[in-house]
Amino acid sequence: MSNTAGAHATPGIADEHNVHAAPRGKQLALLSLGALGVVFGDIGTSPLYSVRECLHGQHGVGVSPESVLGVLSLIFWALALIISVKYVGYVLRADNQGEGGILALMALVTSGPKVSPGVMRMAVMLGLFGAALLFGDGVITPAISVLSAVEGLEVATPKFSPYVVPLSIVILIGLFRVQKRGTGDVGAVFGPIMVVWFAAIGAIGFGQIIKNPGVLVALSPAPGLVFLVSHGHKGFLVLGSVFLAVTGGEALYADMGHFGARPMRVSWFCVALPALLLNYFGQGALLLRRPETIENPFFRAVPEWGLYPMVALSTIATVIASQALISGAFSLSRQALMLGYLPRVTVEHTSDSHIGQIYVPTINWLLMLATLALVFGFKSSSALAAAYGVAVTLNMMITTILAYIVARKRWGWSILAAGSVSILFLVPEATFASSNLAKVADGGWFPLAVGVLLFTVFTTWRKGRDLLSKRFRERVVPLDDFFELMRVEIPARVPGTAVFMTGTSDGTPPALLHNFLHNRVVHEHVVLLTIVTESIARVSPEQRVRVEDMENGFRRAIARFGFMETPDIPTLLERPELKDYSIDYVTFFLGRETVLPTKQPDMALWRERLFAFLSRNAQPATAFFGIPPSRVVEIGAQIEL
């Protein structure tokens, strides 16, 4: 049976609070510096391609004073509304014990009070689809970021053009290969490098604004509105490229658990936002003076003496941006696994002091293959921009909807207050999404396909595990009946302790029953151990284990973990409640199921076959729970779905 129960929170397991307690002084400065290095890399490298795609890309409107000022106005107000107000000011409040991200938000909704079953089902479906879409974003971000940086070499001389794709491939392969070493060794330098990056792009933009300060008129919303009205459908399509300026905003919420809300707000308002605005307006000032620089206004704004250093710096910055998305995919995978929506995969901890630093080999290599395929297929950042944004806009809309439920059910906001705030965000996000739908045929189908595929995997795995549990419950023997069987057919009681891992907290584990029927032995001490994953990030140590003594030397233990924790059974046995059982004298009995697809109506046959494939390739429970293989006995069973 499953060793991880469903994600149902139990009241009182742990208090909901932000794990970062209002840092100040030096601590605030260090956390803010770290946030610059990890969180703001994606949105911080958007100036490499955003303005260019609005005016010169596939749906570009050409360079004119009206279009330049209109695009800058739209970018400014998109950053102000979507990033500054929504994410930094509003969504960061919706923390699950300090953790953020679409699955953490989903868990916050489903574990909340006064949530009807219908709303809960809707929240789960939206959360899973949003998480699946983030993987699509995680595939495109490394490809478009690295390509856009390396393309700066073409500005220096066209002779570099044939080497852009091969060099990007080499950089990306190197990026994914070093993931297994973790970010702990190099994480300390990410922040300072991004400080240099933001300082550089801000200074470059400021230098251009000085030459044409009239560009600052775009701070008003009027040029943006005039642009949309005058350009009609063409202007509407440009919104899809304007949205490129805010991609990466979802990372602010997803990575909140690493730094806390306050350091991220300091980093955004004091460093990232001013630098981005200076650079965007600097590119606009350059285009107003020299429209011919539209093929790459970011690098054309760089002084000639600084071009090669800027290409090198931008390449490093895009690698850091890609690292943040890849690490986010690892964290998202672990959350989905612990909440019961992914099969067990290898999760390696790369730091002894930072639990959030993990490496998931399966996800890493799948991301690498998909990213390399994108680079080979699209060959330029401009072509990739046509595929970028579709998944992100849908994810942002899902976040707004789930945040509305949290505001209503957890914060006690009125329908008017929560609804007004949500509509303020949903209207522009829906507009961006509608504009991005024009990209579907030009490559936007790719992240959507990734999202649909992963959503199918999420729902199939959860449905299959629920169905498997149902089949086991149909066969389960009440524990009282098993005790009666022991009295009738008296078994040999052998020394030592047997731990039976079971997914249910009642009934007789099938492995225990089969061991008794075949071997006629029962250990002197028997522990029936159930691992439960809660809809909170972490469970307090005081509430970790509940132990119930039973007759015949039996004990039932229920251990609870949050979705940001990895169960470790040897460490669990060292707790006071289970201190009588040393790992050196314990035998673990686990069930290993062979799933047989059938034509029963509970689940479509193709999904049963998919579930069977996932089940066969899941990481063994012994490795996932850290159980020494020498202490394990596995008892197989065939289960028809």
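**Entry 1. Trp77**

I began with Trp77 and listed its contacts beyond the neighbours within four places in sequence: they are Leu219, Ser220 and Pro221. The structure I am reading is a predicted model. I located Trp77 in helix α4, which covers residues 65–90. I then looked up its accessibility, which is 39% in relative terms, so Trp77 counts as partly exposed. For the side chain I noted a polar atom 3.2 Å from the backbone oxygen of Leu219. I also recorded a separation of 8.8 Å between the C-alpha atoms of Trp77 and Gly224, two residues that stand 147 residues apart along the chain.

**Entry 2. Strand β4 and its partners**

I turned next to strand β4, residues 521–533, and asked how many of its 13 residues are buried. The count is ten, so the strand is largely enclosed by the rest of the structure. I looked up which strands pair with β4. Strand β3, residues 492–501, pairs with β4 in the parallel sense, and I noted eight bridges between them. In this pairing Val494 is opposite His523 of β4. Strand β6, residues 554–561, also pairs with β4 in the parallel sense, over eight bridges. Here I noted Leu529 with Ala557 of β6 as its bridge partner.

**Entry 3. Arg493**

I followed β3 to Arg493, which has its place in that strand. Is Arg493 buried, partly exposed or exposed? Its relative accessibility is 36%, so I entered Arg493 as partly exposed. Setting aside the neighbours within four places in sequence, I found Arg493 in contact with Met486, Val522, His523, Glu524, Asn552 and Phe554. I then checked which backbone oxygens its side chain approaches. A polar atom of the Arg493 side chain lies 3.3 Å from the backbone oxygen of Val522. For the backbone oxygen of Glu524, I recorded a distance of 3.3 Å to a polar atom of the Arg493 side chain. I also looked up Arg520: its C-alpha is 9.0 Å from that of Arg493, with the two positions 27 residues apart in sequence.

**Entry 4. Aromatic rings**

I searched the whole structure for aromatic pairs and obtained 19. One of them is Trp197 with Phe298, a stacked pair with 5.8 Å between the ring centres and 25° between the planes. This pair links distant parts of the chain, as Trp197 is in helix α9 (residues 184–211) and Phe298 is in helix α14 (residues 297–300), 101 residues apart. I noted both Trp197 and Phe298 as buried.

I next examined Phe483 and Phe554, which form an edge-to-face pair at 5.0 Å centre to centre, with 85° between the planes. This pair too links distant parts of the chain: Phe483 belongs to helix α21 (residues 479–488) and Phe554 to strand β6, 71 residues apart. Both rings belong to buried residues, Phe483 and Phe554. I had already listed Phe554 among the contacts of Arg493. I closed the ring search with a cluster in which ring pairs link Tyr90, Trp411, Trp413 and Phe425.

**Entry 5. Charges over rings**

I looked up where an arginine sits over an aromatic ring. The charged end of Arg462 sits over the ring of Tyr341, 4.9 Å from the ring centre. The charged end of Arg520 sits over the ring of Phe516, and there I recorded 5.5 Å to the centre.

**Entry 6. Cysteines**

How many disulfides does a search of the whole structure find? The search returned zero. I then checked the accessibility of two cysteines. Cys54 has 0% relative accessibility, so I entered Cys54 as buried. Cys270 has 58%, so I entered Cys270 as exposed.

**Entry 7. Thr598**

My last lookup was Thr598, in the loop between β7 (586–596) and α24 (605–617). Is this loop residue, Thr598, buried or exposed? At 15% relative accessibility it falls under the 20% cut-off, and Thr598 therefore counts as buried. I traced its side chain to the backbone nitrogen of Gln600, which it reaches at 3.4 Å. Leaving aside neighbours within four places in sequence, I listed Leu605, Glu608, Glu640 and Leu641 as the residues in contact with Thr598.

Note on methods:
Residues are numbered from 1 along each chain as its sequence is written. This is a predicted model: local features need pLDDT of at least 70, side-chain atom pairs count only at pLDDT 80 or more; totals for chains, interfaces and linings use all residues. Side-chain values use heavy atoms; hydrogens and water are left out. Buried means under 20% relative accessible area, exposed over 50%, partly exposed in between (1.4 Å probe, protein chains only). Helices (H or I, at least four residues) and strands (E, at least two) are DSSP runs, numbered from the N terminus. Two strands pair if DSSP finds at least two bridges between them. Contact means heavy atoms within 4.5 Å. A polar contact is a pair of N or O atoms within 3.5 Å; within protein, one must be able to donate a hydrogen and the other to accept it, and residues adjacent in sequence count only if both atoms are side-chain atoms. Rings of Phe, Tyr and Trp (its six-membered ring) pair if their centres lie within 6.5 Å; planes under 30 degrees apart count as stacked, over 60 as edge-to-face and the rest as tilted. A charge sits over a ring if NZ of Lys or CZ of Arg is within 6 Å of the ring centre and within 35 degrees of the ring normal. A disulfide is a pair of cysteine sulfur atoms within 2.5 Å.
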